[in-house]
Amino acid sequence: MEAVKKLGKKTMYIRGSPSTLIYLDEKVYVVDPGLGSKRAKKIRSIIRKLNKNYVICILTHYHADHIAISEKIKPREIWVSEKDAPYVEDSVLRNYMTYGYAFKSADYLLYNAPDIRVDCKLKVPYRINGLDIIPLPGHTLGHVGVLTDDSVAYLADSFFGERVLSNVGIPYYFNPFLALQTLDYIEENIAVDYETIIISHGPVLSKDECKEVISKNRERIVKIVNMVLEELSKSPKNTMELALKILNRLSVEANHTLLMLSNVFLKSLLSKLEEQGEVKLLATERGLVWKKT
Ligand SMILES: [Zn+2]
């Protein structure tokens, strides 16, 4: 298998989950290096062959699988959005934000990564030479995408490939309503202007394929919102009961990691539905439960 695929004059792509983007200018930009010592070795060897000694690492968001080897690829600078920076720098805060718990041990977590130094906290949108770093909030609040002047868009975890959707059932969005707005933005703008679209967990997409995968992600979020409202009109439930019902209806087997991650999505969704007057929170013998109004 080819280690690096050229996508444009200046842009390369390394397959993986997450995938990594490399953009070559007078400096080398590495977007989302990923995790694992093998991956770090591979990226270092690619950088060596490029014969440039100034490497800038851009992180699209703070999740451990995207950032774990950032310092291991020896960049001069590490960039991340201002909003996501605290959770790149502090692994305890990161786990708390990602899962709702501050676990240090890897037992309950999907991935683990150390504290990572941040050299530049970006106010986005941010433009540098041939790169545009744009806000794509939803998956995390400070999530960004990176657009290149040779028509490649690296959109990270703003949406997911079909295999991820069917494996996890409830895709991870810190704020699903913001994610829906971001999906509209991508469909109306990026999927029109850019030839090649890359997500971190899924295939390389053409414009048309991108639109199709976006629809699947949108449909999934809307389906979950409807399932939540349906389940709550049958009887009040707490977020864990809701997560179990929905995963079951989507034929996905629950495990502790998936339940913790689903819980974050559902709490965010329910707080928005509460704001809209659709549900309300009750303190009962079973703990906090949500009731349809
Ligand atoms: Zn992520």
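**Figure 1. The seven-stranded open sheet of the predicted model.** The strand order is 1-2-3-4-5-6-7, and the pairing is mixed. Strand 1 (5–6) and strand 7 (120–122) are the edge strands; each has a single partner strand, so one side of each lacks a neighbour in the sheet. Within this sheet, strand 5 (residues 55–59) and strand 6 (residues 77–81) run parallel and are joined by four bridges. Ile56 has Glu77 of strand 6 as its bridge partner.

**Figure 2. The six-stranded open sheet.** Here the order is 8-9-10-11-12-13, again with mixed pairing. The edges are taken by strand 8 (126–128) and strand 13 (204–205), each with a single partner strand, so one side of each is left without a neighbour in the sheet. Strand 9 (residues 131–135) and strand 10 (residues 144–148) run antiparallel, and five bridges connect them. One end of the strand 9 range, Pro135, has Val144 in strand 10 as its bridge partner.

**Figure 3. Helix 1 and the residue that follows it.** Helix 1 covers residues 37–50, which is 14 residues. At 1.5 Å a residue, with the expected span taken over one less than the number of residues, helix 1 should span 20 Å; its end C-alpha atoms are 20 Å apart, so the two values agree. Asn51, just after helix 1, takes a positive phi of about 60°.

**Figure 4. Packing of helix 6 against helix 7.** The axes of helix 6 (residues 176–193) and helix 7 come within 10 Å and cross at roughly 165°. Angles over 145 degrees count as roughly antiparallel, and helix 6 is therefore roughly antiparallel to helix 7. The crossing of these two helices is left-handed. On the helix 6 side the contact is made by Pro176, Ala179, Leu180, Leu183, Ile186, Glu187 and Ala191. Helix 7 contributes Lys207, Cys210, Lys211, Ile214, Asn217, Arg218 and Ile221. By class, the contact of helix 6 with helix 7 has nine nonpolar, one polar and four charged residues.

**Figure 5. Packing of helix 7 against helix 8.** Helix 7 (residues 207–234) and helix 8 (residues 239–249) pack at an angle of about 120°, and their axes are 10 Å apart. This angle makes helix 7 oblique to helix 8. Helix 7 passes helix 8 in a right-handed crossing. From helix 7, the residues in contact are Ile224, Met227, Val228 and Glu231; they meet Leu242, Lys245, Ile246 and Arg249 in helix 8. Sorted by class, the contact of helix 7 with helix 8 has five nonpolar, no polar and three charged residues.

**Figure 6. Cis peptide bonds at Pro18 and Pro125.** The peptide bond from Ser17 to Pro18 is cis, with omega near 10°. Pro18 lies in the loop between strand 2 (11–14) and strand 3 (20–24). Another cis peptide bond joins Val124 and Pro125, where omega is about 0°. Pro125 is found in the loop between strand 7 and strand 8.

**Figure 7. Lys74 and its positive phi.** Although Lys74 is not a glycine, its phi is positive, at about 55°. Lys74 lies in the loop between helix 2 (64–67) and strand 6.

How values were computed. Residues are numbered from 1 along each chain as its sequence is written. This is a predicted model: local features need pLDDT of at least 70, side-chain atom pairs count only at pLDDT 80 or more; totals for chains, interfaces and linings use all residues. Two strands pair if DSSP finds at least two bridges between them. Axes are lines fitted to C-alpha atoms, for helices over the stretch in contact, and angles run from 0 to 180 degrees between N-to-C directions. Angles under 35 degrees count as roughly parallel, over 145 as roughly antiparallel, 65 to 115 as roughly perpendicular and the rest as oblique. A crossing is left-handed if the near helix is turned anticlockwise from the far one by less than a right angle, and right-handed if clockwise. Two residues are in contact if their C-beta atoms, placed from the backbone, lie within 7 Å. Ala, Val, Leu, Ile, Met, Phe, Trp, Tyr, Cys and Pro count as nonpolar, Asp, Glu, Lys and Arg as charged, and the others, Gly among them, as polar.
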